[in-house]
Amino acid sequence: MHLIIGDITTLPVDAIVNAANTTLLGGGGVDGAIHRAAGPELLEECKQLNGCSTGQAKITKGYRLQAKYVIHTVGPVWRGGGKGEPKLLASCYDTSLKLAVEHGVKTIAFPAISCGVYGYPVSQAAMIAVKETANFLELNEAIEKVHFVCFDETVYEAYERAIDSLNHE
Ligand code: AR6
């Protein structure tokens, strides 16, 4: 697992993950950036997918991105933590990684799902992201590298702390 600060749309990995909404028809934040960089063909393919439930994931091609695939997952909206948010967020990582393996992906990059518009507290979300991914990688050797792409220093530091506390468990 590696941490990067930057823009996920520029990464030369096999798959990038999109923090989408249930319509899969685009939006703001990282979703908007991915659609802009991939070009209009991405939206055309997304229209055929009939949306996606929260905690689940669907895959498309990457079109004009360097990444061969985009895995679209829908994080939970933060409603205080008592509405199943942690389980749903963990499921985003797990289902995205499963889809990646099914498509032969070896390198994958995740944004901080739910940490923007959806309001998930970043330190809690980072903990779930690294824990769920570490559990998955322990059982699956097919994925060689997982990048967590942090848009700013605050998110980066939250991931650093999460990886640190995982190493000390
Ligand atoms: N590269 C990497 N990370 C980014 C980028 C980028 N280019 N742009 C933003 N981020 P958000 P959510 C970070 O709001 O909370 C959309 O409208 C951002 O700083 O994109 O899951 C969808 O359509 C934050 O840390 O996703 C949904 O309606 C993280 O990515 C809704 O927003 C996620 O922020 C999903 O909300």
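In this predicted model, the side chain of Asp7 places an N or O atom 2.8 Å from a nitrogen atom of the ligand. Two oxygen contacts of the ligand join this one in the table: the side chain of Asn21 supplies a polar atom for one, and the backbone of Gly28 supplies a polar atom for the other.

| Residue | Part of residue | Ligand atom | Distance |
|---|---|---|---|
| Asp7 | side chain | nitrogen | 2.8 Å |
| Asn21 | side chain | oxygen | 2.7 Å |
| Gly28 | backbone | oxygen | 2.7 Å |

The ligand on its own exposes 690 Å², and the protein buries 90% of that area. Its location is the largest pocket.

The shell around the ligand holds 21 residues. Asn21, Gly28, Asp31, Ser114 and Gly116 are the closest of them. Sorted by class, the shell consists of 11 nonpolar, 8 polar and 2 charged residues.

Which elements each supply at least two residues of this shell? Strand E2, residues 15-20, does so, as does helix H1, residues 29-38. Helix H1 gives the largest share, with 4 residues.

For the chain segment as annotated, an unreviewed UniProt entry lists residues 1-167 as "domain: Macro". In the model, 41% of this span is helix and 19% is strand. The C-alpha atoms at the two ends of residues 1-167 are 12 Å apart.

Note on methods. Residues are numbered from 1 along each chain as its sequence is written. This is a predicted model: local features need pLDDT of at least 70, side-chain atom pairs count only at pLDDT 80 or more; totals for chains, interfaces and linings use all residues. Side-chain values use heavy atoms; hydrogens and water are left out. A residue is near a molecule or strand if one of its heavy atoms lies within 4 Å of it. A polar contact is a pair of N or O atoms within 3.5 Å; within protein, one must be able to donate a hydrogen and the other to accept it, and residues adjacent in sequence count only if both atoms are side-chain atoms. Accessible areas come from the Shrake-Rupley method with a 1.4 Å probe; for residues, only the protein chains shown count as cover. On a 1 Å grid over the protein atoms alone, a cavity is a set of points where a 1.4 Å probe fits but cannot get out, and a pocket is an open set with protein on both sides within 12 Å along at least five of seven lines; lining residues have an atom within 4 Å of a point. A molecule sits in a cavity or pocket if more than half of its atoms lie within 2 Å of its grid points. Ala, Val, Leu, Ile, Met, Phe, Trp, Tyr, Cys and Pro count as nonpolar, Asp, Glu, Lys and Arg as charged, and the others, Gly among them, as polar. UniProt positions are given in the numbering used here, feature names are shortened, and annotations may be inferred rather than shown by experiment.
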